[in-house]
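These are my notebook entries on one protein chain, written down in the order in which I looked things up.

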Amino acid sequence: MDNKKNGIPKLRFPGFTGAWEQRKLSSMTQYKNGKGHEDKQTDSGDFELVNLNSISIDGGFKHSGKFINESDDGILYKNDLVMILSDVGHGDLLGRVALIPDDNKFILNQRVALLRPNKTVNPEFLFFYINSHQKYFKSQGAGMSQLNISKKSVETFSSLVPNIDEQKKISLFLMKLDSLIALHQRKLEHLQEQKKGLLQKLFPKNGETVPKVRFPGFTDAWEQRKLGEVADVRDGTHDSPRYINEGYPLLTSKNVGNGYINYDDVKYVSENDYVQINKRSKVDINDILMGMIGTIGNLALIREEPDFAIKNVALIKHTSNFDYRFLFQELQTSAISKELLSGMDGGTQKFVSLKKIRNLSVMLPSENEQKQIGAFFKQFDSLIALHQRKLDHLELMKKGLLQQMFV
(Lines give C-alpha, C1' and ligand atoms only; values in the text may rest on other atoms or scores of the structure.)
Protein backbone atom coordinates (compact mmCIF):
# COMPACT_ATOMS: atom_id res chain seq x y z
CA MET A 1 0.00 0.00 0.00
CA ASP A 2 1.30 3.48 -0.90
CA ASN A 3 1.38 5.47 2.34
CA LYS A 4 1.52 8.73 0.39
CA LYS A 5 -1.99 8.09 -0.92
CA ASN A 6 -3.12 7.91 2.70
CA GLY A 7 -1.46 11.20 3.60
CA ILE A 8 1.61 9.67 5.24
CA PRO A 9 5.17 10.51 4.10
CA LYS A 10 7.66 7.74 3.40
CA LEU A 11 10.31 9.20 5.73
CA ARG A 12 9.40 10.58 9.14
CA PHE A 13 11.00 11.73 12.40
CA PRO A 14 10.40 9.44 15.42
CA GLY A 15 7.34 10.16 17.52
CA PHE A 16 5.08 11.38 14.72
CA THR A 17 2.21 9.24 13.45
CA GLY A 18 -1.07 9.65 11.67
CA ALA A 19 -2.04 11.12 8.32
CA TRP A 20 -1.28 14.69 7.30
CA GLU A 21 -4.23 17.06 6.89
CA GLN A 22 -5.26 18.31 3.46
CA ARG A 23 -5.50 22.10 3.38
CA LYS A 24 -5.65 24.87 0.80
CA LEU A 25 -3.07 27.62 0.79
CA SER A 26 -5.82 30.18 1.47
CA SER A 27 -6.45 28.59 4.90
CA MET A 28 -2.82 29.03 5.94
CA THR A 29 -1.84 32.41 4.48
CA GLN A 30 -3.04 35.91 3.78
CA TYR A 31 -2.62 36.68 0.06
CA LYS A 32 -1.84 40.12 -1.33
CA ASN A 33 -0.65 41.40 -4.73
CA GLY A 34 2.18 43.87 -5.08
CA LYS A 35 1.91 47.33 -6.62
CA GLY A 36 3.87 49.06 -9.37
CA HIS A 37 6.65 51.33 -8.08
CA GLU A 38 8.68 51.80 -11.26
CA ASP A 39 8.14 55.58 -11.35
CA LYS A 40 9.53 55.98 -7.79
CA GLN A 41 12.39 53.51 -7.72
CA THR A 42 16.01 54.56 -7.13
CA ASP A 43 19.36 52.86 -6.57
CA SER A 44 19.23 53.62 -2.85
CA GLY A 45 16.49 54.38 -0.34
CA ASP A 46 14.64 53.37 2.80
CA PHE A 47 12.81 50.32 1.43
CA GLU A 48 14.15 47.73 -0.99
CA LEU A 49 11.74 46.50 -3.66
CA VAL A 50 10.95 42.82 -3.82
CA ASN A 51 10.47 42.18 -7.55
CA LEU A 52 10.83 39.33 -10.04
CA ASN A 53 14.61 39.43 -9.59
CA SER A 54 14.36 38.88 -5.82
CA ILE A 55 13.62 35.15 -6.00
CA SER A 56 16.10 32.63 -7.39
CA ILE A 57 15.30 29.44 -9.29
CA ASP A 58 15.93 27.40 -6.12
CA GLY A 59 13.72 29.66 -4.02
CA GLY A 60 16.47 31.69 -2.36
CA PHE A 61 16.05 35.39 -1.59
CA LYS A 62 18.14 37.84 -3.67
CA HIS A 63 18.56 41.58 -3.25
CA SER A 64 17.04 43.46 -6.18
CA GLY A 65 19.15 46.61 -5.71
CA LYS A 66 16.07 48.77 -6.34
CA PHE A 67 14.59 51.03 -3.64
CA ILE A 68 11.86 53.54 -2.86
CA ASN A 69 11.77 56.19 -0.12
CA GLU A 70 8.12 56.10 0.89
CA SER A 71 6.23 53.32 2.63
CA ASP A 72 2.72 52.03 1.99
CA ASP A 73 0.66 49.00 2.95
CA GLY A 74 3.06 46.72 1.05
CA ILE A 75 5.72 46.67 3.79
CA LEU A 76 6.96 43.14 4.45
CA TYR A 77 7.95 41.37 7.65
CA LYS A 78 10.45 38.67 8.51
CA ASN A 79 9.28 35.19 7.37
CA ASP A 80 6.69 36.58 4.97
CA LEU A 81 6.65 34.44 1.83
CA VAL A 82 6.87 36.18 -1.55
CA MET A 83 5.89 34.36 -4.76
CA ILE A 84 6.65 34.96 -8.44
CA LEU A 85 3.43 35.43 -10.46
CA SER A 86 4.92 36.13 -13.92
CA ASP A 87 7.66 34.46 -15.94
CA VAL A 88 8.86 34.24 -19.52
CA GLY A 89 10.01 31.17 -21.41
CA HIS A 90 9.04 27.83 -19.91
CA GLY A 91 7.68 29.25 -16.65
CA ASP A 92 10.23 27.55 -14.42
CA LEU A 93 10.08 30.45 -11.95
CA LEU A 94 6.28 30.50 -11.64
CA GLY A 95 5.23 29.90 -8.04
CA ARG A 96 8.76 30.02 -6.62
CA VAL A 97 8.78 31.50 -3.12
CA ALA A 98 11.40 33.10 -0.89
CA LEU A 99 11.39 34.07 2.79
CA ILE A 100 11.80 37.74 3.71
CA PRO A 101 14.88 38.03 5.96
CA ASP A 102 14.05 41.19 8.02
CA ASP A 103 11.19 43.34 9.30
CA ASN A 104 10.27 46.71 7.79
CA LYS A 105 13.01 46.81 5.15
CA PHE A 106 11.23 45.53 2.04
CA ILE A 107 8.25 46.54 -0.10
CA LEU A 108 6.32 44.31 -2.47
CA ASN A 109 6.42 45.21 -6.16
CA GLN A 110 3.96 44.21 -8.89
CA ARG A 111 3.88 40.65 -10.32
CA VAL A 112 5.02 39.33 -6.95
CA ALA A 113 2.54 38.12 -4.32
CA LEU A 114 2.68 38.19 -0.53
CA LEU A 115 1.75 35.01 1.33
CA ARG A 116 1.74 35.88 5.04
CA PRO A 117 1.54 32.62 7.05
CA ASN A 118 -0.88 32.41 9.97
CA LYS A 119 -0.25 30.56 13.24
CA THR A 120 -1.36 27.20 11.85
CA VAL A 121 1.68 26.83 9.61
CA ASN A 122 5.44 27.16 10.02
CA PRO A 123 6.82 29.64 7.42
CA GLU A 124 9.96 27.60 6.70
CA PHE A 125 7.92 24.42 6.26
CA LEU A 126 5.64 26.17 3.79
CA PHE A 127 8.67 27.58 1.96
CA PHE A 128 10.10 24.09 1.37
CA TYR A 129 6.71 22.55 0.62
CA ILE A 130 5.72 25.07 -2.07
CA ASN A 131 9.14 25.01 -3.75
CA SER A 132 9.04 21.20 -3.91
CA HIS A 133 5.63 21.23 -5.65
CA GLN A 134 6.43 23.45 -8.62
CA LYS A 135 4.67 21.26 -11.17
CA TYR A 136 1.31 22.57 -9.96
CA PHE A 137 2.18 26.26 -10.39
CA LYS A 138 3.86 25.71 -13.73
CA SER A 139 0.73 23.92 -14.96
CA GLN A 140 -1.38 26.93 -13.94
CA GLY A 141 0.59 29.40 -16.09
CA ALA A 142 -1.53 31.22 -18.67
CA GLY A 143 -0.38 33.46 -21.53
CA MET A 144 1.82 33.42 -24.61
CA SER A 145 5.23 35.12 -24.38
CA GLN A 146 4.71 35.74 -20.66
CA LEU A 147 3.09 33.22 -18.34
CA ASN A 148 1.05 34.34 -15.34
CA ILE A 149 -0.65 32.64 -12.43
CA SER A 150 -3.77 34.04 -10.77
CA LYS A 151 -4.69 34.63 -7.14
CA LYS A 152 -7.24 31.83 -7.43
CA SER A 153 -4.61 29.36 -8.69
CA VAL A 154 -2.36 30.24 -5.75
CA GLU A 155 -4.99 30.15 -3.03
CA THR A 156 -6.55 26.88 -4.19
CA PHE A 157 -3.21 25.04 -4.15
CA SER A 158 -3.99 21.98 -2.05
CA SER A 159 -1.32 20.71 0.32
CA LEU A 160 -0.98 17.96 2.90
CA VAL A 161 0.29 19.37 6.19
CA PRO A 162 1.28 17.75 9.51
CA ASN A 163 0.82 19.32 12.95
CA ILE A 164 2.91 22.38 13.80
CA ASP A 165 5.49 20.41 15.85
CA GLU A 166 6.26 18.08 12.94
CA GLN A 167 6.37 21.06 10.58
CA LYS A 168 9.02 22.73 12.76
CA LYS A 169 11.06 19.52 12.98
CA ILE A 170 11.09 19.09 9.19
CA SER A 171 11.86 22.73 8.44
CA LEU A 172 14.70 22.90 11.00
CA PHE A 173 16.34 19.84 9.44
CA LEU A 174 16.01 21.23 5.90
CA MET A 175 17.26 24.68 6.92
CA LYS A 176 20.42 23.06 8.33
CA LEU A 177 20.86 21.08 5.12
CA ASP A 178 20.47 24.28 3.09
CA SER A 179 23.13 25.95 5.25
CA LEU A 180 25.50 23.05 4.54
CA ILE A 181 24.80 23.32 0.79
CA ALA A 182 25.40 27.10 0.91
CA LEU A 183 28.71 26.53 2.72
CA HIS A 184 29.92 24.15 0.00
CA GLN A 185 28.69 26.55 -2.68
CA ARG A 186 30.76 29.36 -1.14
CA LYS A 187 33.84 27.09 -0.95
CA LEU A 188 33.42 26.18 -4.60
CA GLU A 189 32.99 29.80 -5.67
CA HIS A 190 36.08 30.77 -3.64
CA LEU A 191 38.18 28.14 -5.42
CA GLN A 192 36.87 29.27 -8.80
CA GLU A 193 37.80 32.88 -7.99
CA GLN A 194 41.23 31.75 -6.83
CA LYS A 195 41.76 30.03 -10.15
CA LYS A 196 40.81 33.17 -12.08
CA GLY A 197 43.42 35.09 -10.12
CA LEU A 198 46.07 32.44 -10.73
CA LEU A 199 45.37 32.44 -14.47
CA GLN A 200 45.98 36.20 -14.52
CA LYS A 201 49.30 35.81 -12.69
CA LEU A 202 50.71 32.68 -14.35
CA PHE A 203 50.07 33.85 -17.93
CA PRO A 204 51.43 37.07 -19.48
CA LYS A 205 49.17 40.09 -19.86
CA ASN A 206 48.42 41.50 -23.31
CA GLY A 207 51.57 42.99 -24.84
CA GLU A 208 53.90 41.29 -22.34
CA THR A 209 56.16 38.26 -22.81
CA VAL A 210 56.58 37.08 -19.21
CA PRO A 211 53.97 36.37 -16.53
CA LYS A 212 53.80 38.11 -13.18
CA VAL A 213 54.45 34.88 -11.26
CA ARG A 214 56.69 32.01 -12.41
CA PHE A 215 57.85 28.69 -11.07
CA PRO A 216 61.54 28.66 -9.98
CA GLY A 217 64.14 28.11 -12.69
CA PHE A 218 62.29 29.73 -15.60
CA THR A 219 63.42 33.11 -16.93
CA ASP A 220 63.12 33.07 -20.73
CA ALA A 221 60.52 35.19 -22.54
CA TRP A 222 57.46 33.45 -23.90
CA GLU A 223 56.90 33.21 -27.66
CA GLN A 224 53.75 34.58 -29.28
CA ARG A 225 52.15 32.32 -31.91
CA LYS A 226 48.84 31.93 -33.71
CA LEU A 227 46.80 28.99 -32.43
CA GLY A 228 46.52 27.62 -35.96
CA GLU A 229 50.32 27.57 -36.25
CA VAL A 230 50.81 25.20 -33.31
CA ALA A 231 47.59 23.17 -33.46
CA ASP A 232 45.38 21.54 -36.07
CA VAL A 233 42.15 23.50 -35.60
CA ARG A 234 39.01 22.18 -37.31
CA ASP A 235 35.27 22.36 -36.78
CA GLY A 236 32.50 19.80 -36.79
CA THR A 237 29.99 19.07 -39.50
CA HIS A 238 27.98 21.93 -41.01
CA ASP A 239 25.28 19.55 -42.24
CA SER A 240 22.08 18.67 -40.41
CA PRO A 241 21.94 14.87 -40.34
CA ARG A 242 18.75 12.97 -39.63
CA TYR A 243 18.32 12.57 -35.89
CA ILE A 244 17.19 9.28 -34.37
CA ASN A 245 16.03 8.18 -30.92
CA GLU A 246 19.07 6.03 -30.19
CA GLY A 247 22.55 6.05 -31.69
CA TYR A 248 25.74 8.12 -31.44
CA PRO A 249 25.58 11.50 -29.65
CA LEU A 250 26.06 14.57 -31.84
CA LEU A 251 27.41 17.31 -29.59
CA THR A 252 27.01 21.04 -30.22
CA SER A 253 28.36 24.10 -28.42
CA LYS A 254 25.71 23.84 -25.68
CA ASN A 255 27.20 20.46 -24.65
CA VAL A 256 30.63 21.98 -24.01
CA GLY A 257 31.50 23.88 -20.84
CA ASN A 258 33.38 24.07 -17.53
CA GLY A 259 36.07 21.81 -18.93
CA TYR A 260 33.77 18.86 -19.56
CA ILE A 261 31.21 17.37 -21.92
CA ASN A 262 27.58 17.24 -20.82
CA TYR A 263 24.91 15.19 -22.50
CA ASP A 264 21.93 17.37 -21.56
CA ASP A 265 19.44 17.72 -24.42
CA VAL A 266 21.75 15.83 -26.79
CA LYS A 267 20.62 14.48 -30.17
CA TYR A 268 21.64 11.18 -31.78
CA VAL A 269 22.72 10.11 -35.26
CA SER A 270 23.12 6.79 -37.02
CA GLU A 271 26.40 4.86 -37.18
CA ASN A 272 26.78 5.79 -40.86
CA ASP A 273 26.40 9.54 -40.13
CA TYR A 274 28.75 9.19 -37.16
CA VAL A 275 31.44 7.64 -39.38
CA GLN A 276 30.99 10.27 -42.11
CA ILE A 277 31.17 13.21 -39.67
CA ASN A 278 34.29 11.78 -38.02
CA LYS A 279 36.11 11.64 -41.34
CA ARG A 280 36.17 15.43 -41.11
CA SER A 281 36.55 16.00 -37.37
CA LYS A 282 37.34 12.91 -35.31
CA VAL A 283 37.80 13.71 -31.62
CA ASP A 284 40.53 11.93 -29.64
CA ILE A 285 41.84 11.89 -26.07
CA ASN A 286 43.70 15.12 -25.10
CA ASP A 287 41.93 17.14 -27.79
CA ILE A 288 40.19 20.38 -26.77
CA LEU A 289 36.68 21.42 -27.83
CA MET A 290 35.57 25.04 -27.96
CA GLY A 291 32.04 26.41 -28.34
CA MET A 292 31.57 28.47 -31.52
CA ILE A 293 27.85 29.36 -31.39
CA GLY A 294 25.88 30.69 -28.42
CA THR A 295 28.23 29.45 -25.69
CA ILE A 296 31.27 30.97 -27.38
CA GLY A 297 34.64 30.05 -25.89
CA ASN A 298 33.33 27.37 -23.55
CA LEU A 299 35.83 24.53 -23.34
CA ALA A 300 36.07 20.81 -22.76
CA LEU A 301 39.23 18.73 -22.44
CA ILE A 302 38.73 15.17 -23.71
CA ARG A 303 39.94 12.89 -20.93
CA GLU A 304 38.64 9.51 -22.15
CA GLU A 305 37.96 7.79 -25.46
CA PRO A 306 35.05 9.69 -27.04
CA ASP A 307 31.99 8.03 -28.57
CA PHE A 308 30.44 11.14 -30.14
CA ALA A 309 30.62 13.40 -33.18
CA ILE A 310 30.54 17.21 -33.21
CA LYS A 311 28.64 19.95 -35.00
CA ASN A 312 29.40 23.70 -34.86
CA VAL A 313 32.17 23.07 -32.32
CA ALA A 314 35.84 23.93 -32.80
CA LEU A 315 38.20 20.97 -32.45
CA ILE A 316 41.75 21.76 -31.34
CA LYS A 317 43.78 18.62 -32.03
CA HIS A 318 46.61 17.74 -29.69
CA THR A 319 50.05 17.89 -31.33
CA SER A 320 53.65 17.70 -30.13
CA ASN A 321 53.94 21.50 -30.45
CA PHE A 322 52.32 22.14 -27.06
CA ASP A 323 51.35 20.58 -23.74
CA TYR A 324 47.59 19.99 -23.97
CA ARG A 325 46.98 20.76 -20.27
CA PHE A 326 48.85 24.05 -20.60
CA LEU A 327 46.95 25.13 -23.72
CA PHE A 328 43.63 24.13 -22.13
CA GLN A 329 44.35 26.57 -19.29
CA GLU A 330 45.63 29.36 -21.52
CA LEU A 331 42.41 29.24 -23.53
CA GLN A 332 40.58 30.06 -20.27
CA THR A 333 42.46 33.33 -19.69
CA SER A 334 40.77 36.72 -19.91
CA ALA A 335 43.09 37.70 -22.80
CA ILE A 336 41.74 34.87 -24.96
CA SER A 337 38.14 35.59 -23.93
CA LYS A 338 38.46 39.26 -24.91
CA GLU A 339 39.97 38.33 -28.26
CA LEU A 340 37.17 35.85 -28.98
CA LEU A 341 34.33 38.16 -27.97
CA SER A 342 35.77 41.02 -30.06
CA GLY A 343 35.38 38.91 -33.18
CA MET A 344 31.81 37.65 -32.95
CA ASP A 345 29.51 37.59 -35.95
CA GLY A 346 25.77 37.11 -36.35
CA GLY A 347 22.61 38.81 -35.12
CA THR A 348 20.55 37.33 -32.30
CA GLN A 349 22.57 34.10 -32.51
CA LYS A 350 26.21 35.12 -32.10
CA PHE A 351 29.00 32.93 -33.45
CA VAL A 352 32.75 33.05 -33.97
CA SER A 353 34.41 31.85 -37.16
CA LEU A 354 36.95 29.06 -37.44
CA LYS A 355 39.37 31.59 -38.95
CA LYS A 356 39.06 33.76 -35.84
CA ILE A 357 39.85 30.80 -33.60
CA ARG A 358 42.86 29.80 -35.72
CA ASN A 359 44.17 33.38 -35.47
CA LEU A 360 43.94 33.54 -31.66
CA SER A 361 47.24 34.76 -30.16
CA VAL A 362 48.74 32.28 -27.71
CA MET A 363 51.88 32.70 -25.65
CA LEU A 364 54.13 29.65 -25.31
CA PRO A 365 57.02 29.18 -22.88
CA SER A 366 59.46 26.25 -22.97
CA GLU A 367 58.10 22.71 -22.99
CA ASN A 368 59.14 22.14 -19.36
CA GLU A 369 57.44 25.32 -18.15
CA GLN A 370 54.29 24.40 -20.06
CA LYS A 371 54.24 21.00 -18.35
CA GLN A 372 54.72 22.48 -14.90
CA ILE A 373 51.94 25.02 -15.36
CA GLY A 374 49.65 22.37 -16.87
CA ALA A 375 50.29 19.94 -13.99
CA PHE A 376 49.67 22.66 -11.40
CA PHE A 377 46.29 23.58 -12.83
CA LYS A 378 45.35 19.92 -13.25
CA GLN A 379 45.64 19.53 -9.48
CA PHE A 380 43.69 22.75 -8.90
CA ASP A 381 40.94 21.63 -11.29
CA SER A 382 40.75 18.29 -9.48
CA LEU A 383 40.15 20.15 -6.21
CA ILE A 384 37.40 22.23 -7.82
CA ALA A 385 35.83 19.07 -9.29
CA LEU A 386 35.89 17.41 -5.85
CA HIS A 387 33.98 20.29 -4.29
CA GLN A 388 31.56 20.30 -7.23
CA ARG A 389 30.86 16.60 -6.69
CA LYS A 390 30.25 17.19 -2.97
CA LEU A 391 27.83 20.00 -3.79
CA ASP A 392 26.05 17.90 -6.43
CA HIS A 393 25.76 15.02 -3.94
CA LEU A 394 24.21 17.27 -1.28
CA GLU A 395 21.73 18.78 -3.73
CA LEU A 396 20.77 15.32 -4.98
CA MET A 397 20.38 14.13 -1.39
CA LYS A 398 18.13 17.10 -0.62
CA LYS A 399 15.98 16.36 -3.67
CA GLY A 400 15.54 12.75 -2.54
CA LEU A 401 14.71 13.79 1.04
CA LEU A 402 12.09 16.27 -0.13
CA GLN A 403 10.38 13.50 -2.09
CA GLN A 404 10.34 11.23 0.96
CA MET A 405 9.58 13.77 3.70
CA PHE A 406 6.62 15.47 2.00
CA VAL A 407 3.32 14.00 0.84
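The entries below go from the whole chain to its cores, then to single elements, and finally to empty spaces.

**Entry 1: ground rules.** I note that this is a predicted model, in which local features need pLDDT of at least 70 and side-chain atom pairs count only at pLDDT 80 or more, while totals for chains, interfaces and linings use all residues. Residues are numbered from 1 along each chain as its sequence is written, and side-chain values use heavy atoms, with hydrogens and water left out.

**Entry 2: the whole chain.** I looked up the secondary structure and found ten helices and 22 strands, where helices (H or I, at least four residues) and strands (E, at least two) are DSSP runs numbered from the N terminus. The C-alpha atoms fill a box of roughly 70 × 55 × 45 Å along the principal axes. Of the 407 residues, 43% count as buried; buried means under 20% relative accessible area, exposed over 50%, and partly exposed in between, with a 1.4 Å probe and protein chains only. I also looked at contacts (heavy atoms within 4.5 Å), and among those between residues at least 6 apart in sequence, 75% join residues at least 24 apart.

**Entry 3: the nonpolar cores.** I reminded myself that in soluble globular proteins nonpolar side chains tend to be buried together. A nonpolar core here is a set of buried Ala, Val, Leu, Ile, Met, Phe, Trp, Tyr and Cys residues joined through side-chain atoms within 4.5 Å. The largest one has 41 residues, and those with the most contacts inside it are Trp-20, Leu-25, Met-83, Leu-115, Ile-130, Val-154 and Phe-406. Among the elements that each supply at least two of its residues are β9 (112-117), α1 (123-131), α4 (164-202) and α10 (367-405), and α10 gives the most, with seven. I then followed Leu-25, which, leaving aside neighbours within four places in sequence, is in contact with Leu-115, Leu-126, Ile-130, Val-154, Glu-155 and Phe-157. Apart from the largest core lies another, of 35 residues, among them Met-292, Phe-322, Phe-326 and Phe-328.

**Entry 4: strand β13.** Which side chains of β13 (residues 232-235) point to which face? I found that Val-233 and Asp-235 point to one face and are buried, while Asp-232 and Arg-234 point to the other and are not. β13 pairs with β21 (residues 313-317) in the antiparallel sense over four bridges, where pairing requires that DSSP finds at least two bridges. In this pairing Val-233 stands opposite Ile-316.

**Entry 5: Gly-228.** This glycine sits in helix α5 (residues 227-230) and is partly exposed, because its relative accessibility is 37%. Beyond its neighbours within four places in sequence, Gly-228 is in contact with Val-233 and Arg-358.

**Entry 6: helix α6.** In α6 (residues 271-281) I found Tyr-274, Ile-277, Asn-278 and Ser-281 buried. They lie on the same side of α6, because they cover an arc of only 100° around the axis, the arc being that of the directions from the helix axis to the C-beta atoms. The face turned away from this buried side carries the exposed residues Asn-272 and Lys-279. What covers the buried residues includes β13 and β21.

**Entry 7: positive phi.** Most residues other than glycine have a negative phi, and I looked up two that do not. Arg-111 has a positive phi of about 70°, lies in the loop between β8 (106-108) and β9, and is partly exposed at 37% relative accessible area. Asn-258 has a positive phi of about 55° and is placed in the loop between β15 (256-257) and β16 (260-261), where its relative accessibility of 77% makes it exposed.

**Entry 8: empty spaces.** On a 1 Å grid over the protein atoms alone, a cavity is a set of points where a 1.4 Å probe fits but cannot get out, and a pocket is an open set with protein on both sides within 12 Å along at least five of seven lines; lining residues have an atom within 4 Å of a point. Grid points are joined across faces, edges and corners, and a volume is the space filled by probe spheres set on the points. The largest pocket has a volume of about 1100 Å³ and is lined by 30 residues, of which Asp-58, Gly-59, Asp-178, Lys-398 and Leu-402 lie nearest its centre. The largest share of this lining, eight residues, comes from α4. I counted one cavity of 30 Å³ or more, with a volume of about 60 Å³.
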